Amino acid sequence: MPRRPLLSLVLLCATVTTGRSVSAQARDSVARRIEPVTVRSNRTPSVVGGASAIVLRPDSLPMPLMPSPLLDQVLRQSPFVLVRQNSRGEMELSVRGSDSRQAAVLVDGLPITLGWDHRSDPSLFPTTGVDRIQIVRGLGTVLAGPNTLGGVIELHLNDPLVRGAAAPPPTAYFGSGLDQFAGRVLSATASAPIALGGGTFRVRAGATYRERPGFARSGGDAGDGVTGGAADPGDARDSQLRTNTDLRQVDGFGALRYDHGSGAFVGLTLAANDARRGVAPEQHIRAPRFWRYPQQGRQLGILSAGTGVRTTPFGYGTLQASVGANRSDVEIESYSSRTFTTVSTRELGDEETRTARVQASHSLPRGGQLRIGGTTNDVRYDETLDAQLATSVASEYQQRLTSLGAEVEVPVTSRLLVSGGAVRDAARSPKTGGKVSLGTLSKAGWRVGTTFLARPGVRLHLSASERARFPALRELYSGALSRFDPNPLLRPETLLGIEAGVTMTGAVLERHGLQVQAVGFRHRLDDAVVRITLPSRLFRRINRDQIRSAGFEGAVSWSPPSLSGVTVTADGTIQRIRVHDNTITGDADNARRPEHNPEFRGALAIGAPIVAGIRGSVVSRHTGAQYCLHPDLGTTVKLAGQTTGDAALSRGFALRRGGLVQRIVTTLALDNVANRTVYDQCGLPQPGRTFRMGFELR
């Protein structure tokens with residue numbers, strides 16, 4: 001299939017409003033919220049629509065990472081999000097036992113998980129320029145777009161400046177990192193605000209280059225000890241590295257934003273990345289994938305504009321709109337053996353997703369607020385199998401997803417906020433590569449939430465929601481290079497979720513350096529899409545089961561005032577997840593454990609000054625027992641619980657006062673100190689012991 005040139009992103013969005021100026025008090029009456037999200041530490045607990053949330057800063061994590069780390073590396077340090085590698089070399093995300101396609105990832109409000117597969121590989125998505133990451137584990141709003149039901153992870157690249165604050169000075173950043181295998185990272189970003197016409201115009205840009213010869217093999221990297229897996233012989237170039245785990249990637253971003261003093265704004269975000277990488281063969285099966293990605297690229301563009309608060313005949317309101325394009329291309333080479341010398345087949349994929357969103361809000365009596373929003377996504381994918389053959393032709397696929405919803409938020413008292421909303425989602429597939437079409441599917445969804453301010457900074461919150469997820473084109477139609485038998489008759493999944501918790505960040509606790517969040521939850525997923533093994537040893541996805549999960553999440557952050565510079569963070573998730581086969585009748589106890597979902601996970605991180613300005617950090621993580629479906633054995637096997645730990649030393653040096661570069665920070669780190677073999681899933685261990693060093697100019 002001939003390559004199409006890079007998509008030219010031409011984005012236009014205009015909003016026109018009229019009306020007289022409003023006072024600051026009137027603006028506050030519309031914009032005020034009882035649940036603000038304010039970043040005050042590396043992991044700040046928050047509440048969104050009665051649903052629990054955590055806000056992260058990629059540059060202030062418990063364990064220092066390489067400059068501009070990839071998203072999966074950041075999320076592995078976040079509480080409550082499970083990150084694991086699959087057999088395609090991709091990283092998958094799970095929240096509260098959800099499938100990776102139920103967790104939405106947004107960049108400046110644009111859903112990048114809507115596409116051919118309805119998920120985006122976080123191991124390829126850089127955090128260059130990302131200021132903060134907000135993770136909402138439940139459904140905090142029905143206005144975030146279709147297929148948003150099992151958690152929302154939003155990356156903020158082009159946030160507004162603080163209203164009323166002086167424009168910040170220009171900034172510049174440069175970072176570099178190196179590990180013992182000559183893996184390296186070079187990253188640079190800069191920003192410059194300019195006062196212009198009663199507002200501030202800000203330019204931000206950055207780029208990162210990263211290269212990795214491979215992941216370190218661990219001390220016990222000789223199969224998983226359970227399923228008869230063979231030892232990884234190591235990479236042909238260096239036996240200390242896992243086979244075929246190299247990566248080379250370059251990425252960049254640019255962000256322009258103009259914020260007027262009235263609150264009106266217009267912003268443009270552009271980002272692109274290009275990667276080449278290998279895929280580690282699974283160690284536990286007779287016929288693993290021998291894959292490489294000689295090309296994986298993405299180009300992203302978002303244009304947004306908003307009016308700020310304006311008067312209307314009925315009160316005060318806002319209008320905001322955005323359009324975006326997310327284009328990616330992938331090339332997969334499948335090899336005949338572990339030597340990776342002979343290509344047996346090749347797959348090419350070209351994907352383009354266009355998104356448009358409109359949201360409006362308006363004041364209601366007694367300080368209430370009405371919000372309405374609509375989102376439309378048009379996904380197009382061209383798939384070419386056996387691409388090395390002259391007779392190969394592309395199969396064309398298209399899926400259109402729409403979502404229209406409304407929410408109401410009402411402060412019942414000065415301490416009690418109640419909100420609720422309803423949404424109608426729809427999906428249809430005009431192009432199906434010559435296979436059966438599902439026609440048009442539609443589902444209604446809803447949510448309710450409440451937050452009670454028991455005392456300043458202490459919030460009790462409760463939320464419940466129900467929403468559907470439509471199967472992705474890949475789930476319906478892809479054979480994954482002869483690993484899956486496609487099933488074009490999959491139905492939507494429906495998730496009912498309930499949670500209740502407490503979030504404490506108030507002044508009383510802050511005097512003791514404490515922040516606490518504790519949440520209990522219960523989920524029920526109907527018509528769950530699960531994979532089964534056919535007699536031919538192919539996998540097939542079917543709607544068969546109901547998945548029920550219930551559990552508890554807790555996170556604590558402690559920075560004792562009496563011990564200056566000491567920080568302690570701890571988090572844990574305890575959950576019970578069971579899959580019930582709805583095709584079995586007369587059996588009240590047919591529950592089984594799901595794949596790749598440990599029922600306990602926890603982490604403890606301690607940072608403290610040591611001597612001469614040196615700061616030490618240690619992190620320990622434990623993952624409980626989990627299960628996976630073994631295609632060779634035709635049964636489910638168990639992986640025992642695993643614990644690993646990391647350590648780092650860092651030291652900052654002042655260079656000068658004022659100017660673009662004022663400080664240098666150096667870091668020495670040791671990941672997986674004990675060189676444990678820790679499995680993401682059967683046959684796929686995490687990297688072994690890795691020593692790295694880096695420095696940053698800020």
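These legends describe close-up views of salt bridges and one cavity in a predicted model.

**View 1. Arginine 474 pairs with glutamate 90.** The closest N and O atoms of this salt bridge are 3.8 Å apart. The partners come from distant parts of the chain, 384 residues apart. Arginine 474 belongs to helix H3, residues 473–477. Glutamate 90 sits in the loop between strand S3 (81–85) and strand S4 (91–95). Arginine 474 has a relative accessible area of 3%, so this residue falls under the 20% cut-off for buried. Glutamate 90 has a relative accessibility of 12%, so glutamate 90 counts as buried by that cut-off too.

**View 2. Arginine 137 pairs with glutamate 553.** Here the closest N and O atoms of the salt bridge are 3.0 Å apart. This pair also links distant parts of the chain, with the two positions 416 residues apart in sequence numbering. Arginine 137 is found in the loop between strand S7 (132–136) and strand S8 (152–156). Glutamate 553 is part of strand S25, residues 539–558. Both partners are buried.

**View 3. Glutamate 333 meets arginine 346 in a salt bridge.** The N to O distance is 3.1 Å. Glutamate 333 lies in strand S16 (residues 315–335) and arginine 346 in strand S17 (residues 343–363), so the salt bridge ties together parts 13 residues apart in sequence. Glutamate 333 is buried, at 12% relative accessible area. Arginine 346 is buried as well, at 18%.

**View 4. Salt bridges with shared partners form one network.** Its arginines are Arg84, Arg88, Arg101, Arg119, Arg469 and Arg474. Its acidic members are Glu90, Glu92, Asp117, Glu475 and Glu493. The pair from View 1, Arg474 and Glu90, belongs to this network. Across the whole structure, the search finds 48 salt bridges. Side chains of opposite charge can pair when their charged atoms come close.

**View 5. The second largest cavity holds about 550 Å³ of space.** The model has ten cavities of 30 Å³ or more. In the second largest, 32 residues form the lining. Closest to the centre are Glu90, Arg119, Gln296, Ser328 and Glu351. Glu90 and Arg119 are also members of the salt-bridge network. Strand S13 (265–278), strand S14 (291–306), S16 and S17 each give two or more residues to the lining. Which classes of residue line this cavity? The lining has eleven nonpolar, ten polar and eleven charged residues.

Definitions and conventions:
Residues are numbered from 1 along each chain as its sequence is written. This is a predicted model: local features need pLDDT of at least 70, side-chain atom pairs count only at pLDDT 80 or more; totals for chains, interfaces and linings use all residues. Side-chain values use heavy atoms; hydrogens and water are left out. A salt bridge is a side-chain nitrogen of Lys or Arg within 4 Å of a carboxyl oxygen of Asp or Glu. Helices (H or I, at least four residues) and strands (E, at least two) are DSSP runs, numbered from the N terminus. Buried means under 20% relative accessible area, exposed over 50%, partly exposed in between (1.4 Å probe, protein chains only). On a 1 Å grid over the protein atoms alone, a cavity is a set of points where a 1.4 Å probe fits but cannot get out, and a pocket is an open set with protein on both sides within 12 Å along at least five of seven lines; lining residues have an atom within 4 Å of a point. Grid points are joined across faces, edges and corners, and a volume is the space filled by probe spheres set on the points. Ala, Val, Leu, Ile, Met, Phe, Trp, Tyr, Cys and Pro count as nonpolar, Asp, Glu, Lys and Arg as charged, and the others, Gly among them, as polar.
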